[in-house]
Amino acid sequence: FIKSSSFFTKIFILSILSWGLILMTQGYYFDDGLWIRNFYIHDRSFKNFLIPFSELRHEVVGIIDFFLISLVDKFGSFGFLLWSIIKFIFILLNAYFIYIILNLLFPNHKTINSLISILYLLSPAVNNIAMVQIPYFLFLSIYLLSIIFFILSLIKVKKFYFYYFISIILFTFSAYSHEAFVFLESLRFIVLLSYTIINNYRINKILSNLIILLLPFFIISVLIFFKTYFFPSYGYYEDVYDLKIISIPRVILEFFNSIQYLFFDVFYLNLKIFFAEPSIFLIFPSIFTTILVYIWFIKNIDNYYQEHNFSHYILLVGFFLLFSNLFPYLVTRSAPNFGDTSRHFLTANLGYIILLFGLIFFLYTHKILSKSFFTTIMCSIIFLFSISATNTSRFYLKNWSEHQNLYWQLAWRIPDIKSKTVFMVDMPIETADYFKQYSWFFFDFIYGKNSSELLDIQTLPFE
């Protein structure tokens, strides 16, 4: 960690430039509003607040969210600042931990390690930064620490049991808190396989290492699966994790839809959002970020021009991590998309970034791309990712301001307005998506379906 302090300083500067606006965000979004309205606002009871999380079997998530919401409830705007700082810290730490993992395995590839972690830091794929996301960022940090201690147990032989035991404890916590991290164990498999191959272990030694060292983690994973199977979600969330796609062609189709979103749509959508409301304020930090990444890292890519085998390895690892972590959501929830479903992609995002970089690096090492073309592509991606990060924070800032404006107008025009009030809105339900979000906290709305049909009563957020 001390040896990586220089990189930490650089990645901190890049984080401020691209994610700095996150420190100014306020408000509740997505599931936060649902849980606050239905399980917190009335009596602020910890027991009542845990109801939806107990039904989901994600009690640890509920405990963390209750702490964060109580923090805001107690300190107001300062509370929002505190949990914005927490979000920023975990976004930064996860990228830094990825760099540490790569550096422990491949100490001679610091430029590549740096670029992968920076791409992860700026990645627009996981673009939901609401409070609901904080526990998952925390669990990911804990899981990545588990991988770091696992590698240290292999390197520091004299302290093997100490590091190995810590790694098991950290993995158990993250997997128990959210079962999706069981699938991220594909990363531990890759780490151990890479380490044994790099150190020229014989095939019998490699196999014995894989079996013996991964056995405790495999047993814990099986226990988590049994827990999920025998104690499934219940109540309102009973069908959330049921198998929804049971045909192989459908899974393949959803996978390719995900690839289309991740490698094409995510760039198009972020550019579309930016040009809908272009801002010089957004462009300058992104340009500065791109220049710094080029000066610090991209211009040194010449040192890896002959790394043919390593580019193959990066491609295979990226695809394996992407598919193994995306698959559970493809068959139970949905493919990642822009907005709240992007959190389905949190654990698969590392595979996506490695695969994205691997594709470009593969073309460069095989002389399909010149250095100037490689530099142009990488700088363009960094620039688009940075704009996306800044624009995401700007969206939340604007959204919360509009929330406040709506409630201020209601309070001014209707001084005696009370909770559980029902409003009639003169617009079709299909065109009311933008307006509907403002009713998440205290009010219900009635929308007209269209000019010829009866009104459609909506008790948000249970539509």
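# Burial, packing and cavities in a predicted model

Modeller: Of the 463 residues of the protein chain, 54% count as buried. This is a predicted model, in which local features need pLDDT of at least 70 and side-chain atom pairs count only at pLDDT 80 or more, while totals for chains, interfaces and linings use all residues. Residues are numbered from 1 along each chain as its sequence is written, and side-chain values use heavy atoms, without hydrogens and water.

Colleague: What makes a residue buried, and why is alanine 389 called that?

Modeller: Buried means under 20% relative accessible area, exposed over 50%, and partly exposed in between, using a 1.4 Å probe and protein chains only. Alanine 389 has a relative accessible area of 1%, so the residue is buried.

Colleague: Where is alanine 389, and which residues does it contact?

Modeller: Alanine 389 is in helix 16, residues 371-413. Helices (H or I, at least four residues) and strands (E, at least two) are DSSP runs numbered from the N terminus; the protein chain has 17 helices and 3 strands. Setting aside neighbours within four places in sequence, alanine 389 is in contact (heavy atoms within 4.5 Å) with Ser18 and Trp19. The C-alpha atoms of alanine 389 and tryptophan 19 are 5.9 Å apart, although 370 residues separate the two in sequence.

Colleague: Why is lysine 367 called exposed?

Modeller: Its relative accessibility is 57%, therefore lysine 367 counts as exposed. Lysine 367 lies in the loop between helix 15 and helix 16.

Colleague: What is the phi of lysine 367?

Modeller: Lysine 367 is not a glycine, yet has a positive phi of about 60°. Most residues other than glycine have a negative phi.

Colleague: How do you know that helix 2 is mostly covered?

Modeller: In helix 2, residues 31-39, 7 of the 9 residues are buried. Among them are Leu34, Trp35, Ile36 and Arg37.

Colleague: How do helix 5 and helix 6 pack?

Modeller: Two packed helices are described by the angle between their axes and the distance between the axes. Helix 5 (residues 59-75) and helix 6 pack at about 145°, with axes 5 Å apart. An axis here is a line fitted to C-alpha atoms over the stretch in contact, and angles run from 0 to 180 degrees between N-to-C directions. Leu68, Leu71, Val72 and Phe75 in helix 5 meet residues of helix 6 that include Phe78, Leu82 and Trp83. By class, this contact has 9 nonpolar, 2 polar and no charged residues. Ala, Val, Leu, Ile, Met, Phe, Trp, Tyr, Cys and Pro count as nonpolar, Asp, Glu, Lys and Arg as charged, and the others, Gly among them, as polar.

Colleague: What makes a space a cavity, and how many are there?

Modeller: On a 1 Å grid over the protein atoms alone, a cavity is a set of points where a 1.4 Å probe fits but cannot get out, and lining residues have an atom within 4 Å of a point. The whole structure has 4 cavities of 30 Å³ or more. The largest holds about 190 Å³, a volume being the space filled by probe spheres set on the points, which are joined across faces, edges and corners. Of its 19 lining residues, Leu102, Phe106, Leu187, Val317 and Ile354 are the closest to the centre. Helix 14 gives the largest share of the lining, 5 residues. By class, the lining has 17 nonpolar, 2 polar and no charged residues.

Colleague: What is the average pLDDT of the protein chain?

Modeller: The average is 77, and 76% of the residues score at least 70; pLDDT is the predictor's confidence in each residue, from 0 to 100. Residues 446-463 have pLDDT below 50, with 47 contacts in the model beyond near neighbours in sequence. Where pLDDT is low, the predicted coordinates should not be read in detail.

Definitions and conventions
On a 1 Å grid over the protein atoms alone, a cavity is a set of points where a 1.4 Å probe fits but cannot get out, and a pocket is an open set with protein on both sides within 12 Å along at least five of seven lines; lining residues have an atom within 4 Å of a point.
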